[in-house]
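Colleague: I am new to this structure. Please pick a single part of the chain and its surroundings, and go through that part closely.

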Amino acid sequence: MYRQLTIAVIILSISMIRCFGQQDITFSQYTFDKLLINPAYAGSSKWVVGSVKNRTQFSDIEGLPLSNIFSFQAPIQTRNVGLATKVIHDRIAVTNRFIATGIFSYHIGFGKGKLSFGLEGGVINSNYNYDDLERTIYEDPSLPSGKESVFLPDFSAAIYYQNEHFYVGGTAGHLVDSKRSIPDYDRNQFYSQAKNYYLMGGYYFEISRESILEPNFLVKYVHGAPIQADVNILFTLIDKFSAGLSYRTGHAVIAMAKVDITKNLKIQYSFDYSLSALSSYFSGNHE
């Protein structure tokens, strides 16, 4: 009787725990492309820049997270304005998420550098195919069936400062408090976009005329999850080749590289080696 009571209490306790999962993609190459993290960075350079990225997480695991990102940014220097757009497809198991946003930034001279403000707005579409779930009990009333799709508005704001020696920026993401519930499942929350906060910064040490050493950091906070920090070191040679190492607290060690093939074409690659308990089940993350 005591054993049965103990098991019942444990099951009841587990059923009352509120769970939080990762929503935003964890990028490793934001040191090369700060627009991934901070919309105020849009149009910071004199170049028109387009990029295509692919990130594969938990390699070797079926249903692994797969993300594809396209971004485009351009400066309007006569008006101190930057314009950009981002389109993201993120797939995790039976979930497909599409994000499309537009970005507006404004740049002003401040001290010996440039102070930038950015606004990002768009829409998030999440699709769930519950019929693709592998069920132990097929007629499980606690699980939805069929397909569901939900659209949520999205809005973020950021600030960014840079000069020839250092940069620092902060982002408040997903500021619209949007929630949707599954029809006929009033007690189960269908989708809620948690607020995200990012603080980033870095410093440029000129080793010689042709080489720069850049230590930088990123601190991330998501409601319902512990604070996570990345500490990075990046070495750039002749402004054509960059290589670096990162440590993501409690999660991964990351190696990355960037090569300028031509003046207008760059290729970047990063590999995350996991330090978590899941590391024995997959070889790593590629971006």
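Modeller: What follows is a walk along one strand, its partners and the side chains around them.

This is a predicted model: local features are given only at pLDDT of at least 70 and side-chain atom pairs only at pLDDT 80 or more, while totals for chains, interfaces and linings use all residues. Residues are numbered from 1 along each chain as its sequence is written, and side-chain values use heavy atoms, with hydrogens and water left out.

First, the setting. The protein has one helix and 17 strands; these are DSSP runs (H or I of at least four residues for helices, E of at least two for strands), numbered from the N terminus. Of its 287 residues, 41% count as buried. Buried means under 20% relative accessible area, exposed means over 50%, and partly exposed lies in between, with a 1.4 Å probe and protein chains only. A contact is a pair of residues with heavy atoms within 4.5 Å. Among contacts between residues at least 6 apart in sequence, 49% join residues at least 24 apart.

The part to look at is strand 10, residues 196-203. Strand 10 is joined to strand 7 (residues 166-173) by eight bridges, and the two run antiparallel. Strand 12, residues 211-222, is also antiparallel to strand 10, with seven bridges between them. Two strands are taken as paired if DSSP finds at least two bridges between them.

Two positions show how the partners line up. F166 stands opposite Y203 in strand 10, and M200 stands opposite L218 in strand 12.

M200 and L218 lead to the interior. Both belong to the largest nonpolar core, which has 12 residues, among them Y198, I37, Y30 and F27. A nonpolar core here is a set of buried Ala, Val, Leu, Ile, Met, Phe, Trp, Tyr and Cys residues joined through side-chain atoms within 4.5 Å. In soluble globular proteins, nonpolar side chains tend to be buried together. I37 ties several of these residues to one another: leaving aside its neighbours within four places in sequence, I37 is in contact with Y30, T171, Y198, M200 and L218. There is also a second, separate core of nine residues, which includes L35, A42, A84 and A158.

Y203 and F166 lead to the aromatic rings. The structure holds seven aromatic pairs. Rings of Phe, Tyr and Trp (its six-membered ring) count as a pair if their centres lie within 6.5 Å; planes under 30 degrees apart are stacked, over 60 edge-to-face, and the rest tilted. F166 pairs with Y161 in a tilted arrangement, 5.8 Å centre to centre and 50° between the planes. Y161 is buried because its relative accessibility is 14%, whereas F166, at 29%, is partly exposed. Y203 pairs with F205, also tilted, at 4.7 Å centre to centre and 50° between the planes. Y203 is partly exposed, with a relative accessible area of 35%, and F205 is partly exposed at 43%.

Other rings gather into a cluster, in which ring pairs link Y41, Y160, Y167 and Y204. K34 lies over the face of Y167, at 4.6 Å from the ring centre. A charge counts as sitting over a ring if NZ of Lys or CZ of Arg is within 6 Å of the ring centre and within 35 degrees of the ring normal.

Back on the Y203 and F205 side, P215 is a residue of strand 12. P215 touches G202, Y203, F205, N232 and I233, not counting residues up to four places away in sequence. With a relative accessible area of 29%, P215 is partly exposed. The C-alpha atoms of P215 and G244 are 9.4 Å apart, with the two positions 29 residues apart along the chain.

G244 points on to the last residue of this walk, since strand 14 spans residues 241-248 and holds R248. R248 is buried, with a relative accessible area of 4%. A polar atom of the R248 side chain lies 3.2 Å from the backbone oxygen of F27, which is one of the core residues named above. The R248 side chain also makes a polar contact of 3.3 Å with the side chain of S28. A polar contact is a pair of N or O atoms within 3.5 Å; within protein, one must be able to donate a hydrogen and the other to accept it, and residues adjacent in sequence count only if both atoms are side-chain atoms. Beyond residues up to four places away in sequence, R248 touches ten others, including T26, R55, K220 and D272.
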